[in-house]
Amino acid sequence: MKKIGIEIDYSNICRDYNTSYLDRDNLDPDTSKCMKEVLTWTREFLSEFLKKFECNLHNLCSNTRVKIDDIASKRFLFYSLEKEITLQSYVIQKEYVQYDSLKDWEFKNDNSILIQNDTDGGGIYLFFNENSKEYQWTKETLKDFDLDEVPFEVR
């Protein structure tokens, strides 16, 4: 089954910050306010998604459950000029499935969703089975956002 991604750029959530990107170490009041808005939005969106589809969050390669706050965190969502960003992938699924790699996730025909952060800390990516109910729900829920569809690529 083909995987398709949706890029959720933070500029859909907040536009009023004074830097070219949301630097998690920046103490500028407008930037801090915007990061809080993105954190709150991410928490609410994931909570609604998990409830709607009765799923849980997991690490890609271990059965460790992940909390929403692990994803709705400055470390996952935002770049740091001093510390850069650690690229991470999490999986949303009903029951835990072991994946040995991103390629393994790509070719399994389960109905899991992959969440990845962005190299530049400008947004997050959700990857789905093309035309799945989770994909359709996300597109409908975020219909007021300027979303880009992206192909899945192992990074």
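A residue counts as exposed when its relative accessible area is over 50%, and in this predicted model that cut-off settles the description of Asn131, which is exposed because its relative accessible area is 53%.

**Asn131 and other residues with positive phi**

Select Asn131 to begin, in the loop between strand 6 and helix 5, and look at its backbone, where phi is near 65°, a positive value in a residue other than glycine. Most residues other than glycine have a negative phi, and two further places can be examined with that in mind. Move next to Glu84, in the loop between helix 3 and strand 4, whose phi is also positive, at about 60°; with a relative accessible area of 47%, Glu84 is partly exposed. Then select Glu54, which follows helix 1 and has a positive phi near 50°.

**Helix 1 and its aromatic residues**

From Glu54, step back into helix 1 and select residues 29-53, a run of 25 residues that reaches 36 Å from its first C-alpha to its last, close to the 36 Å expected at 1.5 Å a residue. Within helix 1, show the side chains of Trp41 and Phe45, which form a stacked aromatic pair with 5.0 Å from centre to centre and 10° between the planes. Why are these two separated by about one helical turn? Trp41 and Phe45 are four residues apart in helix 1, and therefore about one turn lies between them. Trp41 is buried, with a relative accessible area of 16%, and Phe45 is likewise buried, at 5% relative accessibility.

Now widen the selection to Phe49, Phe53, Trp137 and Phe145, which together with Trp41 and Phe45 form one aromatic cluster. A search of the whole structure finds 13 aromatic pairs. For another kind of ring contact, select Lys3 and Trp105: Lys3 lies over the face of Trp105, at 4.3 Å from the ring centre.

**The nonpolar cores**

Select Ile8 and Ile92 next, the residues with the most contacts inside the largest nonpolar core, which has 38 residues. Among the elements that each supply at least two residues of this core are strand 1 (3-9), strand 4 (89-93), strand 6 (123-129) and helix 5 (133-141), while helix 1 gives the most, with ten residues. Centre the view on Ile8 and display its surroundings: neighbours within four places in sequence left aside, Ile8 is in contact with residues including Trp41, Ile124, Leu126, Leu142, Phe145 and Leu147. A second, separate core has ten residues, and Leu60, Leu102, Leu114 and Val150 are included in it.

**The cysteines**

Finish by selecting Cys14 and Cys34, which form a disulfide with their sulfur atoms 2.1 Å apart; the count for the structure comes to one disulfide. This pair links distant parts of the chain, 20 residues apart, with Cys14 in the loop between strand 1 and helix 1 and Cys34 in helix 1. Both Cys14 and Cys34 are buried.

Then add Cys55 to the selection, a residue that is in no disulfide, the nearest cysteine sulfur being that of Cys61, 19 Å away. Why does Cys61 not bond to Cys55? The sulfur of Cys61 has its closest cysteine sulfur in Cys55, and because the distance is 19 Å, that is too far for a bond. The surroundings of the two can be compared as a last step: Cys55 is buried, with a relative accessible area of 9%, whereas Cys61 is partly exposed, with a relative accessible area of 40%.

Methods. Residues are numbered from 1 along each chain as its sequence is written. This is a predicted model: local features need pLDDT of at least 70, side-chain atom pairs count only at pLDDT 80 or more; totals for chains, interfaces and linings use all residues. Side-chain values use heavy atoms; hydrogens and water are left out. The expected span of a helix is 1.5 Å times one less than its number of residues. Rings of Phe, Tyr and Trp (its six-membered ring) pair if their centres lie within 6.5 Å; planes under 30 degrees apart count as stacked, over 60 as edge-to-face and the rest as tilted. Buried means under 20% relative accessible area, exposed over 50%, partly exposed in between (1.4 Å probe, protein chains only). A charge sits over a ring if NZ of Lys or CZ of Arg is within 6 Å of the ring centre and within 35 degrees of the ring normal. A nonpolar core is a set of buried Ala, Val, Leu, Ile, Met, Phe, Trp, Tyr and Cys residues joined through side-chain atoms within 4.5 Å. Contact means heavy atoms within 4.5 Å. A disulfide is a pair of cysteine sulfur atoms within 2.5 Å.
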